[in-house]
Amino acid sequence: MLTFLWKFIVFYVFYTSGFLSNYVTFEDEANIPAIAKYFNTKGRYEEVNPYLREDILAVNRSILQPPLDECQQIHLTAIIRHGTRYPTTKNIKEMQQLYNMILHNASGEQSWLHELQTQWRMWYTEDMDGRLVQKGVDELKHLAVRLSKLFPSLISEEKLRGGFIKFITSSKHRCVNSTLSFKAGLTELWHIKDKEFDHAVNDALMRFFDKCTRFLEEVDNNPSAVTEVEKFKQGPEMRRVQQKIADILNVPYSSITYDVAEAAFYLCAYEFAIRSVKSPWCELFDEDDAKVIEYASDLREFWKRGYGHDINSKASCILFHDVFSRMDKTATQNKLGQQVTEAVTVQVGHAETLLPLLTLLGFFNDSEPLTSTNFAAQTRRSFRTSHMLPYAANLILVLYDCGGGDLRLQPLLNEKPVTFPGLADQASMPLYQDVLQHYRDLLQGCDFETECQLFKQPAEV
């Protein structure tokens, strides 16, 4: 515990001093694992936006493209996943078991295996348990700076000092520290040292999945809700990957369970995400293997947070209404010629916050559901968490006033324009009224209390 406290003190000194400030990086492609693009929710933001490898503060303002020159940004909501974190205690225990197997049971002549057995050390400790790492601090600082460059009229020193930028976060330490990091990115950019800016902790909004009884009972704590996931783990594709790992390490097939294979994959992913290291753990997998493990993860997210069950997305009704009520308030203030009181809202949560909301809005909905038997048919699926939900993933909604009562809403995912499903004919900046019309059923219904109530079966007589 003392070791981790010391690490946290060092983290705090670096964080508060702004030691790791904004910088330009030039990353050697040879140091990026070939399987990095398949790391699902353990992936780096740079794999989604590769141009950031050369300049971490690069933005392309041409992506905004309002239909008229007179369009003015009047509000921005950013829903952001926390930055890169340490593995959870559960993951670390599985990694330790794998490492022990490598040390005591594995054999072979490969140089990378020798490196794992003689040089690599298991440095992850259980008290790290999902805490934000320095890379995560930097990600949120840099995201803040990039958004201020993309939307300078909204994310400005004047708006921040005036109290027009609000911050909301999940209570989890990685989210609170991500929120602090985002704020630090702005205060360091504008050299603000004479004032601090508050944030509100709101788990009802940012951890709605913990508050939804029906979701907890029917999906989260119900093994039958994820039978497709378990079937795939026992299926031929995953068995091939596990047996290949066993052959490489010269251990019995029974030693390499799905959890062991996943732990090895995560070690490759975490070493790269946290330390920017192309770890010898990555040598256990080629791209075909990585695609199988990525699909297993996507299956889990599909059935536990995505389209697999209706309550997965309906649990986010409370966040959906929060976002649109703020947009409506902004639209009303703007129409009356009043000062918009909340120009920017930054809400920091989890992958489990973003994915249900994206699902509720209809994004990444393939024509066929993900199942245990259609891996080969889903190679071109849009539901791919490696693309959707890296660390620091973000959904940004920008409201524009284009004159004459013409309000438009632009969605961006991970700083790239996306199109509201069902509004493709209006490109990436549809009329706000058309968006409201498109989601009218959700806006008129989608009540969190009603959706999350556990419906009991009537007793048999």
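1. Let me start with a hairpin: β5 and β6 pair in the antiparallel sense over 7 bridges. Two strands are taken to pair if DSSP finds at least two bridges between them, and helices (H or I, at least four residues) and strands (E, at least two) are DSSP runs numbered from the N terminus. Within this pairing, leucine 399 stands opposite leucine 409 in β6, and aspartate 401 faces leucine 407 of β6. The hairpin has 5 residues between its strands, and glycine 403 takes a positive phi near 90 degrees there.

2. A word on the basis of these remarks: this is a predicted model, in which local features need pLDDT of at least 70 and side-chain atom pairs count only at pLDDT 80 or more, while totals for chains, interfaces and linings use all residues. Residues are numbered from 1 along each chain as its sequence is written, and side-chain values use heavy atoms, with hydrogens and water left out.

3. On its other side in the pairing list, β5 also joins β1, in the antiparallel sense and over 8 bridges. Here histidine 75 stands opposite leucine 399 of β5. Both pairings belong to an open sheet of 7 strands, ordered β3-β2-β4-β1-β5-β6-β7, with mixed pairing. The edges are held by β3 (200-201) and β7 (416-417), each with a single partner strand, so one side of each is left without a neighbour in the sheet.

4. How many residues of β5 are buried? The count is 8 of the 8, so the strand is largely enclosed by the rest of the structure; buried means under 20% relative accessible area, exposed over 50%, and partly exposed in between (1.4 Å probe, protein chains only). In a regular strand the side chains alternate between the two faces of the sheet. For β5 both faces are covered: Asn394, Ile396, Val398 and Tyr400 are buried on one side, and Leu395, Leu397, Leu399 and Asp401 on the other.

5. Now to the cysteines. The model has 4 disulfides, a disulfide being a pair of cysteine sulfur atoms within 2.5 Å. With the bonded cysteines of the chain numbered in sequence order, the pairing reads 1-6, 2-8, 3-4, 5-7.

6. One of these links brings us back to the hairpin: cysteine 71 and cysteine 402 form a disulfide with their sulfur atoms 2.0 Å apart. Cysteine 71 lies in the loop between α2 (45-48) and β1 (72-81), and cysteine 402 in the loop between β5 (394-401) and β6 (407-413), so the pair ties together parts that are 331 residues apart in sequence. The torsion about the S-S bond is about 110 degrees, so this disulfide is right-handed. Both cysteine 71 and cysteine 402 are buried.

7. Cysteine 268 and cysteine 282 also form a disulfide, with 2.0 Å between their sulfur atoms. Cysteine 268 sits in helix α12 (residues 258-275) and cysteine 282 in the loop between α12 and α13 (287-304), so the parts tied together are 14 residues apart in sequence. This link is right-handed, with 95 degrees about the S-S bond, and both cysteine 268 and cysteine 282 are buried.

8. Please look at the disulfide of cysteine 317 and cysteine 446 too, where the sulfur atoms are 1.8 Å apart. It links distant parts of the chain, 129 residues apart: cysteine 317 is in helix α15 (residues 317-335), and cysteine 446 is in the loop between α19 (440-444) and α20 (448-451). The link is left-handed, with -85 degrees about the S-S bond, and both cysteine 317 and cysteine 446 are buried.

9. Why is cysteine 175 not bonded to cysteine 212? The sulfur of cysteine 175 is 19 Å from the closest cysteine sulfur, the one in cysteine 212, which is too far for a bond. Cysteine 175 is buried, with a relative accessible area of 0%.

10. Finally, a helix pair that involves cysteine 317: Cys317, Leu319 and Phe320 in α15 meet Thr353, Leu357 and Leu360 in α16, contact meaning heavy atoms within 4.5 Å. The residues of this contact divide into 5 nonpolar, 1 polar and no charged (Ala, Val, Leu, Ile, Met, Phe, Trp, Tyr, Cys and Pro count as nonpolar, Asp, Glu, Lys and Arg as charged, and the others, Gly among them, as polar). The axes of α15 and helix α16 (residues 351-360) come within 9 Å and cross at roughly 75 degrees; axes are lines fitted to C-alpha atoms, for helices over the stretch in contact, and angles run from 0 to 180 degrees between N-to-C directions. The two helices, α15 and α16, are therefore roughly perpendicular to each other (65 to 115 degrees, with under 35 roughly parallel, over 145 roughly antiparallel and the rest oblique).
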